[in-house]
Amino acid sequence: MGKFCNLRSSHRCIASSFSGQATAGVLRGQRSRFQLFGDTMNTAARMESSGEPSRIQISQVTADLLTDAGLARWIIPRSSKMFVKGKGEMQTYWVLKSNRSIKPKTGDKEPGMGTLHEEAETEECSETTEEGNNGIEGMNKTERLVAWNVEVLVSLLEQIVGSRDGVVNHIQSLSNAEKETANSGRTVLDEFIPVIPLKRFDTEQLERRKRTTNVDIGRNAKQQLRDYVSTISEMYPDNAFHNFEHASHVTASVKKLLARIVNTDEGNGLVTSIPTDSVNLVDLAGHSYGITSDPLTQFTVVFSALIHDVDHPGVPNAQLVKEKSWWAQIYKKSVAEQKSVDIAWDMLMSDEYAAIRACIYQTEEELRRFRQLVVNTVLATDIADKELQALRKARWEMAFSN
């Protein structure tokens, strides 16, 4: 693939991409450098003349490759063909910008764009306003779902921070451990373990736990979380089922289930025989196998629901294996689930989300427990794999048999 970038003004790059064969080599001399040659590179360079600052233009060949890879949602055709020297008229495409930093002007939608693209790209864009200026009014469906997911995750992060008496320190000392989780050399399925012991809190710890009304994870962490969830939403294809709306529905179901476990009102089946005003976290901890007393587990289950189908191809794992897709050759089984974990985890481990990670964990033990909970929870969504089904049944018998 040939790429050409021309800086016409400070910090404004015009980029073009064309796919094809190229010759590579190192040019010797006073300034030795690696160089690519051939018609592919020449075409990419010539496409630059019809590009625009801060945008990426790609050829039909590159667009076809992205479409074949299931990434058609990343691109949009230009409204008219471009003239490229030596090639004549070419249909080119724009790579969609992230809606993390831009928002389309009303009425600027290009013809033929799908509903998930409406907020992502137009020929002219305006900057997103400051936090709180937009509100729910004017949001499209995806933006409303992003806002709701962020609200849920913020409340759960506040519980985690509250369980540490509000302490959130920098976690640079965990950088090596974080790299190990992302580059362990094992597949996600290799990391699966049948039973995860939940953290135990003593009575004193539970009784003095800081109330979340007194906890604020900070503007930086909240902004990073909005950015992360927004990016996750863009990475969900416009499939009929395995899409961002589906992920949000699963998240809502998990939230409701957790509320049934954790809440201490009369509707909670765990406390029907105990006066409501006398019920506290200490009483419930034993009845819920530690979930009630462990905010990290609660956050992780909801987080896993949100990411469990990221970049899902829209077909079953068995079909991916049958077609010998590139991902199936890497993961062998539970293909979509393992890929979702790897994509979402690698993104979370990037420097731009350090404030989120500092809220989730402060020690290596917490990091590794978080990772294990994500792995097991997302893999549990593969309900078709017979081996995983057998393991789930065995765990159920272990937990609830007489």
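Start with the contact map of the protein chain in this predicted model. Count contacts between residues at least 6 apart in sequence: 69% of them join residues at least 24 apart.

**Whole chain.** Colour by secondary structure. You should find 16 helices and 11 strands. Now switch to a surface. The chain exposes about 22200 Å², and carbon and sulfur atoms supply 52% of that area. Of the 402 residues, 41% count as buried.

**Main core.** Select α3 (141-163), α7 (219-234), α8 (244-262), α10 (295-307), α13 (335-348), α14 (354-360) and α15 (364-379). Each helix in that selection supplies at least two residues of the largest nonpolar core, a set of 56 residues. Which helix gives the most to this core? It is α3, with 10 residues. Next, show Tyr228 and Phe370 as sticks. These two have the most contacts inside the core.

**Around Phe370.** Stay on Phe370 and leave out residues up to four places away in sequence. Phe370 then touches Leu296, Phe299, Thr300, Phe303, Trp345, Leu348, Ile360 and Tyr361.

**α10.** Select 295-307, the range of α10. This helix has 13 residues and reaches 18 Å from its first C-alpha to its last, close to the 18 Å expected at 1.5 Å a residue. Is α10 largely enclosed or not, and why? It is largely enclosed by the rest of the structure, because 12 of its 13 residues are buried. Among the buried ones are Pro295, Gln298, Val302, Ser304 and Ile307. Leu296, Phe299, Thr300 and Phe303 are buried too, and Phe370 touches these four.

**Second core.** Finish with Phe18, Ala44, Met47 and Val84. They belong to a second, separate core of five residues.

Methods: Residues numbered from 1 in each chain as written. Predicted model: local features only at pLDDT ≥ 70, side-chain atom pairs only at ≥ 80, totals over all residues. Heavy atoms only, no water. Core = buried A, V, L, I, M, F, W, Y, C linked by side-chain atoms within 4.5 Å. Buried < 20%, exposed > 50% of the residue type's maximum accessible area, 1.4 Å probe, protein only. Helix = DSSP H or I, 4+ residues; strand = E, 2+ residues; numbered from the N terminus. Contact = heavy atoms within 4.5 Å. Areas by Shrake-Rupley, 256 points an atom, 1.4 Å probe, with all protein chains shown as cover. Expected span 1.5 Å × (residues − 1).
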